[in-house]
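Reader: I am new to this protein. Please walk me through it in short steps.

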Amino acid sequence: MNTRNELFSTSKGYSFQCDRSSKIVLHFEEIQATFRIQDFLNFRRVINNIDIRSKIFDLSDESDYEFIEAPQLNIYQKLTLCQLIQLRELVNGTHFAIELNSLLHTLLFTESELV
């Protein structure tokens with residue numbers, strides 16, 4: 001029995017949802033994290049709130065990296081701007097896949113009730 005449903009993948013990582021636990025598993029380089037849906041949404045918010053544009057134009061050494069923390073998930077990672085952009089792509093692609101699956105499930109469930 002397949003317990004993994006791939007949600008999204010890039011050249012740097014992938015994500016899937018476990019059928020048994022309904023948790024989202026994210027693999028990105030050295031980061032391997034398992035999220036409940038609310039934790040994933042919070043993590044996505046943190047990643048998307050990082051102002052990459054201002055970091056690109058800031059010439060200081062401190063803006064070359066971003067430290068990502070999610071203590072409840074044991075994530076403590078220093079990422080370059082390129083890695084941060086790649087992680088953001090993976091997280092947002094995963095979110096899109098979850099939303100799309102939810103929408104399709106709702107439409108199919110509603111359609112079957114009408115028949």
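Reader: Which residues make the nonpolar surface patch of about 600 Å²?

Author: This is a predicted model, so the answers describe a prediction. Residues in a patch need over 30% relative accessible area. Nonpolar side chains are joined into one patch within 5 Å. The patch of about 600 Å² is made by Phe-96, Leu-100, Leu-103, Leu-104, Leu-107 and Leu-108.

Reader: Is Phe-96 buried or exposed?

Author: Phe-96 is found in helix α3, residues 81-114. Exposed means over 50% relative accessible area. Phe-96 has 56% relative accessibility, so Phe-96 counts as exposed.

Reader: Thr-94 has its place in helix α3 too. Is Thr-94 buried or exposed?

Author: Buried means under 20% relative accessible area. Thr-94 touches Leu-7, Phe-8, Ser-15, Ile-24, Leu-26 and Phe-40, leaving out residues up to four places away in sequence. Its relative accessibility is 0%, so Thr-94 counts as buried.

Reader: Which side chain makes a polar contact of 2.6 Å with the side chain of Thr-94?

Author: Look among the residues that Thr-94 touches, including Ser-15 and Phe-40. A polar contact needs N or O atoms within 3.5 Å. At 2.6 Å, the partner side chain belongs to Ser-15.

Reader: What is the order of the elements from the N terminus on?

Author: The protein chain has three helices and six strands. Read from the N terminus, the order is β-β-β-β-α-α-β-β-α.

Reader: How many bridges join strand β1 to strand β2?

Author: Strand β1 covers residues 4-9 and strand β2 covers residues 13-18. A hairpin links β1 to β2 through three residues. One facing pair is Glu-6 opposite Phe-16 in β2. The strands run antiparallel, and the bridges between them number five.

Reader: Which residue in β3 is the bridge partner of Ser-15?

Author: β2 pairs with strand β3, residues 24-28, in the antiparallel sense over five bridges. Five residues lie between β2 and β3 in their hairpin, and Ser-22 in the turn has a positive phi of about 60°. In β3, the bridge partner of Ser-15 is Leu-26.

Reader: Which residue takes a positive phi near 60° in the hairpin of β5 and β6?

Author: Strand β6 covers residues 75-80. Six bridges join β5 to β6, and the two run antiparallel. One bridge pairs Tyr-65 with Thr-80 in β6. The hairpin has four residues between the strands, and the residue with positive phi is Asn-74.

Reader: Along β5, which side chains point to one face and are buried?

Author: In a regular strand the side chains alternate between the two faces of the sheet. β5 shows such alternation. Tyr-65, Phe-67 and Glu-69 point to one side and are not buried; on the other, buried face are Glu-66, Ile-68 and Ala-70.

Reader: Glu-66 is buried. Which residue meets Glu-66 in a salt bridge?

Author: Side chains of opposite charge can pair when their charged atoms come close. The contacts of Glu-66, leaving aside neighbours within four places in sequence, are Ile-50, Lys-55, Gln-77, Lys-78, Leu-79 and Leu-84. A salt bridge needs a Lys or Arg nitrogen within 4 Å of a carboxyl oxygen. At 2.9 Å, N to O, the partner is Lys-55.

Reader: How many residues apart in sequence are the parts that this pair ties together?

Author: The pair is Glu-66 and Lys-55, joined in a salt bridge. Glu-66 lies in strand β5, residues 65-70, and Lys-55 lies in helix α2, residues 52-57, so the pair ties together parts whose separation in sequence is eleven residues.

Reader: How many salt bridges are there by this rule?

Author: One joins the side chains of Glu-66 and Lys-55. Another joins the side chains of Asp-39 and Arg-36 at 3.2 Å, N to O. Asp-39 has 12% relative accessibility, so Asp-39 counts as buried. The count of salt bridges comes to two.

Reader: Now the whole chain. What share of its residues count as buried?

Author: The C-alpha atoms fill a box of roughly 60 × 25 × 25 Å along the principal axes. The chain exposes about 7,800 Å², and carbon and sulfur atoms supply 52% of that area. Among the 115 residues, the share that count as buried is 36%.

Note on methods:
Residues numbered from 1 in each chain as written. Predicted model: local features only at pLDDT ≥ 70, side-chain atom pairs only at ≥ 80, totals over all residues. Heavy atoms only, no water. Patch = residues over 30% accessible without salt bridge, like charges linked within 9 Å, V, L, I, M, F, W, Y side chains within 5 Å. Areas by Shrake-Rupley, 256 points an atom, 1.4 Å probe, with all protein chains shown as cover. Buried < 20%, exposed > 50% of the residue type's maximum accessible area, 1.4 Å probe, protein only. Polar contact = N/O pair within 3.5 Å; in protein donor to acceptor, adjacent residues only side chain to side chain. Contact = heavy atoms within 4.5 Å. Pairing = 2+ DSSP bridges.
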